[in-house]
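Subject: Handing over a structure, with notes

Dear colleague,

I am passing on the structure we talked about, so that you can open it beside this message. My notes on what was found in it follow below.

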Amino acid sequence: MFTPCTDKRVAVFFADGCEEIEGLSVVDVLYRAGVPCDKVSISDSLSVTSSHQVTFLTDKLLSQISFDDYSMLVLPGGLPGTTNLEACEPLMQAVDAFAADGRALAAICAAPSIYAKRGLLQGKKATSNPGFQHFLSENGAKLTKDAVCVDGSFITSQGAGTALKFGLEIVRYLVGNDVAQKVSQGIVLI
């Protein structure tokens, strides 16, 4: 593990019905890079049950955090997890505020559709799970078929199979290529 990067902190938001690999892989990669990260439940319980019936604990409740403490917000996909995230008004207000301020936002699988539907990806290159790419193109995004896409302060990715690459791009964005390369070598990502 690397020396913690105390000026960057990431919040990964979890809702019941999430795709656990897409969220927990990011948390793991950030940990390995020394980037502080909080697993945040959008419900009133620290316990979250994924779309595959995997139950795990988060670190904090949405009601316990200040969005000002974070340099990036990350939305995992999965269904109905993505729908549940999109229905969380405090989170959506924070997403809009982050976008307006040019602060970093990341999403994977179905979750980039949230940004697209809110008009945040208009004119930006982005990707998502193939079943949700129409939301991106219909809302003005420049759709790519890349596993992970970075455009300005937005990082998007396609799904569970791209979750580690997604996490590494987040690391690269926050703390640079050298750390991302070291983490990649440590997890033997081919």
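Please keep in mind throughout that this is a predicted model. I begin near the end of the chain, with helix 7, whose face turned away from its buried side carries the exposed residues Asp-178, Gln-185 and Gly-186. The helix spans residues 177-186, and within it Val-179, Ala-180, Val-183 and Ser-184 are buried. When one looks down the axis of helix 7, these buried residues fall within an arc of 135 degrees, so they line one face of the helix. As for what that face meets, the buried residues of helix 7 pack against helix 1, which covers 20-33, and against helix 6, which covers 163-175.

The pairing of helix 6 with helix 7 can be described in some detail. Their axes lie 7 Å apart, and the two helices pack at an angle of about 150 degrees. Because angles over 145 degrees count as roughly antiparallel, helix 6 and helix 7 are therefore roughly antiparallel to each other, and their crossing is right-handed. On the helix 6 side the residues involved are Leu-168, Val-171, Arg-172 and Val-175, and they meet Asn-177, Val-179, Ala-180, Gln-181, Val-183 and Ser-184 in helix 7.

Helix 1 and helix 6 are also linked through a pair of residues that you may wish to look at. Ser-25 lies in helix 1, and with 15% relative accessibility it counts as buried. Leu-164 has its place in helix 6, and at 33% relative accessibility Leu-164 counts as partly exposed. Although Leu-164 and Ser-25 are 139 residues apart along the chain, their C-alpha atoms are separated by 6.0 Å. If neighbours within four places in sequence are left aside, Ser-25 is in contact with Glu-20, Ala-163 and Leu-164, while Leu-164, treated in the same way, is in contact with Ser-25, Val-29, Ile-187 and Leu-189.

Some points of the backbone also deserve a careful look, given that most residues other than glycine have a negative phi, and most peptide bonds are trans. Cys-109, which is not a glycine, has a positive phi of about 65 degrees; this residue lies in the loop between strand 7 (104-108) and helix 4 (112-117), and Cys-109 is buried, with a relative accessible area of 10%. Val-188, again not a glycine, has a positive phi of about 55 degrees and is found in the segment after helix 7. With a relative accessible area of 62%, Val-188 is exposed. The peptide bond that joins Leu-79 and Pro-80 is cis, with omega at about 10 degrees, and Pro-80 sits in the loop between strand 6 (72-75) and helix 2 (81-86).

Finally, a word on annotation. An unreviewed UniProt entry places the feature "domain: DJ-1/PfpI" at residues 8-172. Over residues 8-172 the chain is 33% helix and 24% strand, and the C-alpha atoms at the two ends are 12 Å apart.

With best wishes

Definitions and conventions
Residues are numbered from 1 along each chain as its sequence is written. This is a predicted model: local features need pLDDT of at least 70, side-chain atom pairs count only at pLDDT 80 or more; totals for chains, interfaces and linings use all residues. Side-chain values use heavy atoms; hydrogens and water are left out. Buried means under 20% relative accessible area, exposed over 50%, partly exposed in between (1.4 Å probe, protein chains only). Helices (H or I, at least four residues) and strands (E, at least two) are DSSP runs, numbered from the N terminus. The arc is that of the directions from the helix axis to the C-beta atoms. Contact means heavy atoms within 4.5 Å. UniProt positions are given in the numbering used here, feature names are shortened, and annotations may be inferred rather than shown by experiment. Axes are lines fitted to C-alpha atoms, for helices over the stretch in contact, and angles run from 0 to 180 degrees between N-to-C directions. Angles under 35 degrees count as roughly parallel, over 145 as roughly antiparallel, 65 to 115 as roughly perpendicular and the rest as oblique. A crossing is left-handed if the near helix is turned anticlockwise from the far one by less than a right angle, and right-handed if clockwise.
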